[in-house]
Amino acid sequence: MDLYSEVADVPIDDVEAAVEKVEEGDGTPAAGSASAVDERITRRAKRPSKYLVKHLSKEGSSSPNAGQNGGAEGTSLIVNGIRTAKNLRRPRNGYGRGLPKKGGAGGKGVWGKPGIELDVPEVMDEKDPNYDSDSLDNGDVTIETIVPQLSHAEINKHLEPIILEYYSHGDTKEVALALEDYNFGENRYLIAVVAIELAMDHKPSNREMTSVLLSDLYQHYLTEREMEKALDQLLRNLPDLVLDTPDAPTILGNYIARSVADDTLAPRFLQNYQGKVECDLAKLALARADVLLSMKHGMTRLDNVWGVGGGLRPVASLVRSMGLLLQEYLTSDDTLEAARCLKELEVPHFHHELVYEAVVLALEAANEETENSMVKLLKSFYDSTIVTPDQMKNGIYRVLDDLDDICLDVPNAALYLERLGGKCKTAGLIDEAMLQKCNAARGRKRFVSEGDGGRFKD
């Protein structure tokens, strides 16, 4: 709104009164008088707005009201107490900044600011065909990712590769991160069930790793109540587990005792089952756990309930275990039991010691019956790939290297080794080159005995 429009809106009576007041004064027409309005009308199109402001400023400086507004406000026209010039939208300096009004959105024939066509208003009416409830942001709608709960079959499918991979790397934190991707819901106890069932089919070192895994997952993924529920489920499944693992009751009893020692299971778990179990297999498992917990220093001994791993066991202990294995085999002649005991040691890199001990035992026995038993045992291990050809060769090489020391206890050890080498060659345990080395050992110069006066045997 410009000055002319503001003055035009003033009632004519007020304008006439202002003119009379000016005439009674110094005779100068007021800025809002009729003559000023007529002059504004006739010269509006011939003069820019900035000139009008300057002209009115000069004229208004002699107005009686100029002193009231002071200085720059002399351009104000006060009619009925309204400051007309003060409310102008134009800049008072008469120039302006040269910017378009309303950011380019004002004026006739203008559609709005550039880019406003991209802001499509939201349709709030549900009956409108363009209404989309999903696109509205009402502030009370929160969108979250929902992971569906796994069923029993899906839990077994996803847990088995995770645990088998854990047997390879042994990192419990990696297992914990893998479990975060799944929603187990109320079936979280199945983690312990699947882990123990898989451990029953593996070697003792993997069972020890399973015990460590369950201990690390306790209080993070598994609670005491879920551990009790898992072991209860395993006790009920024992009739099916013994079909694949005959010693499942003993293994489960070890897990129950180990869980009590690791503080993941309360001791009252065994007391709650006393006199309430009808399954004989479950009774065996509970009795096994009770015996392990009641023995002297039981909590300390349960740390090695699965034995010491082959890589951690001292060499002297391994040598002693292999010697006892061979002595037991000579008594029972049971190759399957000997193979089982050898596998439990979990030292495939140390099987050359078994070959060495077997050959030395046959040489010290000095009879063909023991030699035949040792050849039979080594043949069984060789055919089942428990003892590899390299381990077999390394064991016999060790015997050849220590033959001088062996002859101090067994003077005819070279002769016995030649005979034993022929039997091993017939069984396919050694090749022709190894047999020639066994035969060449007899031609070594050595003392016949201590009472021969230092003579050498040809």
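Here a student asks about a predicted model, and its author answers.

Reader: What should I know before I start?
Author: This model is predicted: local features need pLDDT of at least 70, side-chain atom pairs count only at pLDDT 80 or more, and totals for chains, interfaces and linings use all residues. Residues are numbered from 1 along each chain as its sequence is written, and side-chain values use heavy atoms, with hydrogens and water left out.

Reader: What is the mean pLDDT of the protein?
Author: The mean is 77. pLDDT is the predictor's confidence in each residue, from 0 to 100. Of the residues, 68% reach 70 or more. Over residues 1–10 the pLDDT is below 50. It also stays under 50 over residues 43–48.

Reader: Why is Arg258 called buried?
Author: Its relative accessible area is 7%. Buried means under 20%, exposed over 50%, and partly exposed in between (1.4 Å probe, protein chains only). So Arg258 is buried.

Reader: What makes Asp262 partly exposed?
Author: Asp262 has 23% relative accessibility. That value falls in between the two cut-offs, so Asp262 counts as partly exposed.

Reader: How do you know that Arg258 and Asp262 form a salt bridge?
Author: A salt bridge needs a side-chain nitrogen of Lys or Arg within 4 Å of a carboxyl oxygen of Asp or Glu. Here N to O is 3.1 Å. The pair therefore meets the rule. By this rule the count comes to 14 salt bridges.

Reader: Why do such side chains pair at all?
Author: Side chains of opposite charge can pair when their charged atoms come close.

Reader: Why does the salt bridge of Lys376 and Asp333 tie together separate parts of the sequence?
Author: Lys376 lies in helix α19 (residues 368–383). Asp333 sits in the loop between α16 (315–332) and α17 (335–345). The joined parts are 43 residues apart in sequence. Helices are DSSP runs (H or I, at least four residues), numbered from the N terminus. The closest N and O atoms of the pair are 3.6 Å apart.

Reader: What separates Arg340 and Glu344?
Author: About one helical turn, because they are four residues apart in helix α17. Their side chains meet in a salt bridge, 2.4 Å from N to O.

Reader: What makes a set of residues a nonpolar core?
Author: The set holds buried Ala, Val, Leu, Ile, Met, Phe, Trp, Tyr and Cys residues, joined through side-chain atoms within 4.5 Å. The largest here has 56 residues. Leu179 is among those with the most contacts inside it. Helix α8 (residues 190–200) gives the largest share, 10 residues.

How values were computed: Helices (H or I, at least four residues) and strands (E, at least two) are DSSP runs, numbered from the N terminus. Contact means heavy atoms within 4.5 Å.
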